[in-house]
Every structure is written in C-alpha cells, then in structure tokens.
Amino acid sequence: MPELLTKLSFQGAIDRLLANPDRDSGLEKTEVPAARLLFTGMEGDCHGGLTRKSDSRMLKQYKRGTPVRNSRQLSILSAEELAEVAERMAIPAVKPEWVGANMVVRGIPDLTLLPPSTRLQFPSGAMIVVDAENHPCRYPADIIARHHPEAKAGFVKAAMHKRGVVGWVEAEGSIGTGDAITVWIPPQRIYSHA
C-alpha cells in the first residue's frame, strides 16, 4: 500500500502535543513540548498499547471487552476545525485538552475527512496511519459543560465531521511542536456495494 500513496502538495504542522498517563482520570490531557512515537503509541499516554479492549463502537463485531488491535493509539485534531466547532457552539474555544487530543495540527484542510490509510509523516521519519474519523460523543461534551454549562447539548452536533481522526504508529520517531507534517493519501474510490 505505501508505494501507492500520493504526496499532497501542502504540508501541515504540529501546533500542540498532549498526553495523559492515567486512563482513570478521563479524557483530559496536559500539553507536552515533544514526544516519542513508539509502535505502542505516544510515549506516556494512556491510549497507547498494541491492543485495547473493544468498546461500544464494535458491538456488532465483538463482545464488549474483547482484546483487539489498537488502531486508536492517537487522537489528532485540527486547530482550524476546533475553532469552527467553538463558533458553532457560540463559545470562545473548544480546548483540545477537553476532547482527548494527543496532537493538534494546522494547515491540513478538512483533517477529519482524511481517508483511512492516509499517512502523516514527520521530519524524524515517524509515521502515523489514519484509521478513521473520530466521531463526537458525550464524554467530551461533559468536560466542555464544566467550562461552559450552556453549551453541553451542542457538542455532538457542532463537532460532526470536525472531531479529527484516530490513528496508529507505523514508524517510530520523535516529534515536537512546530514539526512539519507531510501528508500521503491513498488512492480514492467509492465502494459501490456499501
């Protein structure tokens, strides 16, 4: 597959990096200036691991709690899309630490709509594979409501197709705020039998 990818003409950049080593403390994360991407995910973040337990998104395929490959090691959001969500919700900002982001990027148009198997490459050689769109849910809405009680009901609708993507580490390396991101996109086609 990688040899079929097309390098896009623009580059993005890392705006912020965030991590939280404690899974039990919830979605909220703390900003870090740099990180190592390992095959298990972002070093020091609770969403890492080669496997994870299946959850409500996979109930049609697996019994809840079944060990599966962790294709959701990282949550990547767009600074531009976060600003659009905040505007739709009529609040000053939706902070990435409120919605479980590991990485906030700038300069990648319609980040959330990147197709599965898109690669995000960094100067160190580290590479993230996009698995899928990260659909908005009630958990970030609850955190946002702590800061803006009037906006709780609006997050899911406002963030539809603007919540970013989840992915996994294909090649290890160091990343830092300001690093350029090269985007490699797979061939585009529609499966007509869906």
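**Exercise 1. How many salt bridges does the structure hold, and which residues are linked with Arg-16 in a network of them?**

Start with the count: this predicted model holds 10 salt bridges. Now zoom in on Arg-16. Its side chain meets that of Glu-31, N to O at 2.9 Å. That pair ties together distant parts of the chain, with Arg-16 in strand β1 and Glu-31 in strand β2 (residues 30-32), 15 residues apart. Next comes Glu-97, whose salt bridge with Arg-16 has its closest N and O atoms 3.1 Å apart. Here the partners sit 81 residues apart, Glu-97 being in the loop between α1 (79-89) and β8. Put the pieces together and you get a network of Arg-16, Glu-31 and Glu-97.

**Exercise 2. Arg-16, Glu-31: buried or partly exposed?**

The cut-off you need is that buried means under 20% relative accessible area. Arg-16 comes in at 18%, so Arg-16 is buried. Glu-31 has 43%, so it counts as partly exposed. As for Glu-97, that one is buried, like Arg-16.

Try the same on another salt bridge, Arg-52 with Asp-55 (3.4 Å, N to O). Arg-52 is buried at 15%, and Asp-55 is buried at 18%.

**Exercise 3. Which residues touch the most other members of the largest nonpolar core?**

This core has 23 residues, and the answer is Leu-37, Met-103, Leu-120, Phe-122 and Ile-175. Several elements give two or more residues, among them β3 (34-38) and β8 (103-106), while β1 supplies the largest share, three residues. Follow Met-103 and you meet a familiar name: its contacts include Arg-16, along with Ile-14, Phe-122 and Ile-175. Finally, there's a second, separate core of 20 residues, including Ala-86 and Ile-144.

How values were computed
Residues numbered from 1 in each chain as written. Predicted model: local features only at pLDDT ≥ 70, side-chain atom pairs only at ≥ 80, totals over all residues. Heavy atoms only, no water. Core = buried A, V, L, I, M, F, W, Y, C linked by side-chain atoms within 4.5 Å. Buried < 20%, exposed > 50% of the residue type's maximum accessible area, 1.4 Å probe, protein only. Helix = DSSP H or I, 4+ residues; strand = E, 2+ residues; numbered from the N terminus. Contact = heavy atoms within 4.5 Å. Salt bridge = Lys/Arg side-chain N within 4 Å of Asp/Glu carboxyl O. Lists of a residue's contacts leave out its neighbours within four places in sequence.
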